[in-house]
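User: I am new to this structure and would be grateful for a close look at a single part of its interior. Please describe how the pieces there fit together.

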Amino acid sequence: MATFSTRSFASRHLGINNKELSMMLDEIGVNSLDQLIDETVPQTIKLNQDLDLSPALSEFEYLNNIKQIAAKNVLYKNFIGQGYYGTITPSVILRNIFENPGWYTQYTPYQAEIAQGRLEALLNFQTMVADLTGMPLANASLLDEATAAAEAMSMFYGIVNKKRKKNPAKKIFIDQGVLQQTIDVVTTRAYPLDLEIVIGDWKTIVLDDTFFAALLQYPNTYGAVEDYRGFCQSAHNHGLLVGVSADILSLSLLEAPGKWGADAVYGTTQRLGIPMGFGGPHAAYFATKEDYKRQIPGRVIGISVDRHGNPALRMALQTREQHIKREKATSNICTAQALLAIMAGMYACYHGKDGLIEIATRIHRYAQLLATTLIKMGATLREDSFFDTITVQLDTDSLENLKKTALSHETNFHYGQDYVSISIDETHDEKDIQHVLEIFTKALGKESQVAEEITTLQVPPQLQRSTDFMSHPVFSQHRTETKMMRYIKSLENKDLSLVHAMIALGSCTMKLNAATELMPVSFAEFGALHPFAPLDQCQGYLQVFKELEEDLCKITGFTACSLQPNSGAQGEFSGLLVIKAYHENNGDHHRNIALIPSSAHGTNPASAVMMGMKVVIVKCDEAGNIDVDDLKEKVTVHSDNLAALMVTYPSTHGVFETAIQEICNLVHKHGGMVYMDGANMNAQVGLTSPARIGADVCHLNLHKTFAIPHGGGGPGMGPICCNDKLKPFLPGHFHKDNANRAVSAAPWGSASILLISYAYIKMLGAQGVTDASRYAILNANYIKSKLENDFSVLYVGENGRSAHELIIDLRMYKPLNIGSEDVAKRLIDYGFHAPTMSFPVPGTIMIEPTESEDKDELDHFCDAMLSIKKEIDAIATGDAPAENNVLSNAPHTMAEICSDQWHYEYTREQAAFPIAYLKEGKKFWPTVARVDNAYGDRNLVCTCPPIESYMTDEVS
């Protein structure tokens, strides 16, 4: 590591200084960091030269540079719509959530006891969605509207064909009024499953039992509000399920789809206070019937109780998740958009029902005013029933003239072959309407005379909202900024994040999300740009994308990159998609076998099944490595049909496997391609690379290795890099290159947060990103050295070293009724978030400290683990009770510690302050005791009813 410098970002990002480095190397038993790396990374795969990245910038230099790049984005007046709208983010939400590390550095709320704040915020989101859509069950967000529609397709296919396995329905109808990006993504998802897409007019399509589902848009891409009630009845009569993409804000004025026949309702909550960000991130929503609670994709927040019977929130129905169901999962969704869902839910809390109605009504009135005036000018409207979008029919010459005139007035509309659509949003006012009319007047040569205000909705009476929504008190109690600020802070204070302590989750890489990296995301030049704006207005973004793609290719050793996948799971799907397309381009349509090690992340087999592949599991040996003999047998048996090997490197066991090149060569020899899961890329950067080990394509978790924050369960980004063989088959997008195979709604996925990874690389430079890997390996091996005399470290490399993470085996304590969950919950009492539990090996914990933590924090964690070991030993020797002990009762709340009653053999101090550092400001109090997971699933409640309505005698 370079000498500390106030101008060096690396010295701020890396947690270990030179003095601490020397002490840590002594503890590990090596003379230098180079020696440790040589003993950890196999010599055969090490890079022999430095990465060719631009020189590292200081934070000051970077901010000046990115401001100049931002200025290359031109913000025209935007009326494009098509699923993306200008919106006003309340400052109290922007400042206290979006720009607050107490919110954006949280992890997915698996440890419910220290996540009650974001769980409540996500429950608010679910309640809002369920109320507005008229459905009883909603999830806690998906990636974007288009992928939500694809998830609906997959869910419907499984439900409808469950009893039709010998003769499954294979066709899905999509109305031509569905947004183009949604049609494209659904088509991409349907292709590997051999499903037939039928696009047509819902008014004329003839349905039969060869169809399993129909997808509609409400209002549709032209702005029309259609009456689908009869269509839904007909679809149901033929055994189809109906999915509806709905504008969430319009549902404050329009009747809920759940009331007129929808089986699932989904869409985006972007216009609820979330900046467009050139495509994202935004929280999609998904709501469906109670009957489908086991099939709904994504995470669902539910209400349960803790061990004292007090109400407590948790993630419900987790057995549905791909982590557990693997190749039997209905979805590979992992990361979602929690942070953005929390913001959208807070937007609803801040404005309430009345506020949403007011905003929607104002938008509608302006659209009516524009429509009526244009009609007076002689314009022909395509639709006469609309919410916020009007579509005007024009001949070719008039359309071209309008385009030129609009651009000369720095204004963007949405254009079709013979029409123009104009969408009104929350940011528009009367001046903007007058501005649009002036453009039409000049383009068409006709004078405009503003029409009188209309007081009735331009919507058929039967489609106007008649059902109540958002009646829970949470949507009416926080209307002032003071109350909202305090509510947000009260929730934040319930949750442990990186502002409190290290979060040493194995395979999750909870590193520093530096303030300078995140600041530009809030710049208007990046946040307010529409993803379908003409590309010549987006030159700042395009420069960032070009440079980021180049840097990621240099880091991975590949030649091509797609930034479109907007999560790690999407990256997996995309990587397999290009492999499938490659084989089919070669005429090898039969290659459909995916070899996957038994230690793989659950998304791997789930993604392979989504690609229409058959999963064949490869064994691991006793050392935790891929069993090469078993692999040889399976590539031979499946040689004719082998499509791919999915491999994580370093392995999910935290080891650099020495046989990795042999493994890749075996797969290639038998005609397969190698997909590398980039979950553990934080141990590779600058030391080796996916291309170096022999992979053909990899995805990168930018929310792990490249510093995008986890946001309590999203956002994330999962771009893929590949070699020249696979380059022609990368995902495309109609707005970018007229190509197909879109995997996300927007051309560059969640574009605005790519700025974070761009900054990470630009400020660290070649030496900095390499040092990040070196120090991540150092910190993991330091923890290993501190703990290995008291705990069993399950797997190590040939030289006894861990990679960037290590697994502690706790299975030997099962006879004491102590398991990984007990240790995890006890760590909360010590002020730490638990490491990853029971993955990849049941009964273990996996620890990944990252390069950003300092020695003091590592020592506190090790001291906590060693103290817990003494507590376990006390149970083993009989000095502590086998039941009702400090571990089985963990975590302990402040209310419990302060109670007049204390029924335990151990003291309050042993429960809450078992180690000295906790008395020095490191104590974090959980707000609930251990949550009863089984109760929550038996008594599923996923919205916000009054507490009294679901309390039962069972917990009294």
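Analyst:
**The surroundings of L778**

Apart from residues up to four places away in sequence, L778 touches I16, L21, M24, L25, I28, L33 and L36. This description rests on a predicted model.

L778 belongs to the largest nonpolar core, which has 246 residues. It is among the residues with the most contacts inside that core, together with I66, Y218, M346, L374, F413 and I422. The greatest contribution to this core comes from helix α12, residues 338-376, which supplies 22 residues. A second core, separate from this one, has 42 residues, including A152, M153, A284 and I296. As a general background, nonpolar side chains in soluble globular proteins tend to be buried together.

The contacts of L778 can be placed within a meeting of two helices. Helix α2 covers residues 18-28 and helix α24 covers residues 754-787. Their axes come within 9 Å and cross at roughly 50 degrees. An angle of 35 to 65 degrees falls between roughly parallel and roughly perpendicular, and α2 and α24 are therefore oblique to each other. The crossing in which α2 passes α24 is left-handed. On the α2 side, the residues that meet α24 are L21, M24, L25, E27 and I28. On the α24 side, L778 takes part alongside Y775, N779, N781, Y782, S785 and K786. Of the residues in this contact, seven are nonpolar, three polar and two charged.

Helix α12, already named as the main contributor to the core, has a helix contact of its own. Helix α7, residues 116-133, packs against α12 at an angle of about 55 degrees, and the two axes are 8 Å apart. By the angle classes applied above, α7 and α12 are therefore oblique to each other. Here, too, the crossing is described as left-handed, with α7 passing α12. From α7, the participants are R118, A121, L122, N124, F125, M128 and L132. They meet A338, A341, I342, A344, G345, M346, A348, C349 and L356 in α12. The residues of this contact comprise 13 nonpolar, two polar and one charged. M346 thus appears in the contact of α7 with α12 and among the residues with the most contacts inside the largest nonpolar core.

In summary, L778 lies in the largest nonpolar core and takes part in the contact between α2 and α24.

Key: Residues are numbered from 1 along each chain as its sequence is written. This is a predicted model: local features need pLDDT of at least 70, side-chain atom pairs count only at pLDDT 80 or more; totals for chains, interfaces and linings use all residues. Side-chain values use heavy atoms; hydrogens and water are left out. A nonpolar core is a set of buried Ala, Val, Leu, Ile, Met, Phe, Trp, Tyr and Cys residues joined through side-chain atoms within 4.5 Å. Buried means under 20% relative accessible area, exposed over 50%, partly exposed in between (1.4 Å probe, protein chains only). Helices (H or I, at least four residues) and strands (E, at least two) are DSSP runs, numbered from the N terminus. Contact means heavy atoms within 4.5 Å. Axes are lines fitted to C-alpha atoms, for helices over the stretch in contact, and angles run from 0 to 180 degrees between N-to-C directions. Angles under 35 degrees count as roughly parallel, over 145 as roughly antiparallel, 65 to 115 as roughly perpendicular and the rest as oblique. A crossing is left-handed if the near helix is turned anticlockwise from the far one by less than a right angle, and right-handed if clockwise. Ala, Val, Leu, Ile, Met, Phe, Trp, Tyr, Cys and Pro count as nonpolar, Asp, Glu, Lys and Arg as charged, and the others, Gly among them, as polar.
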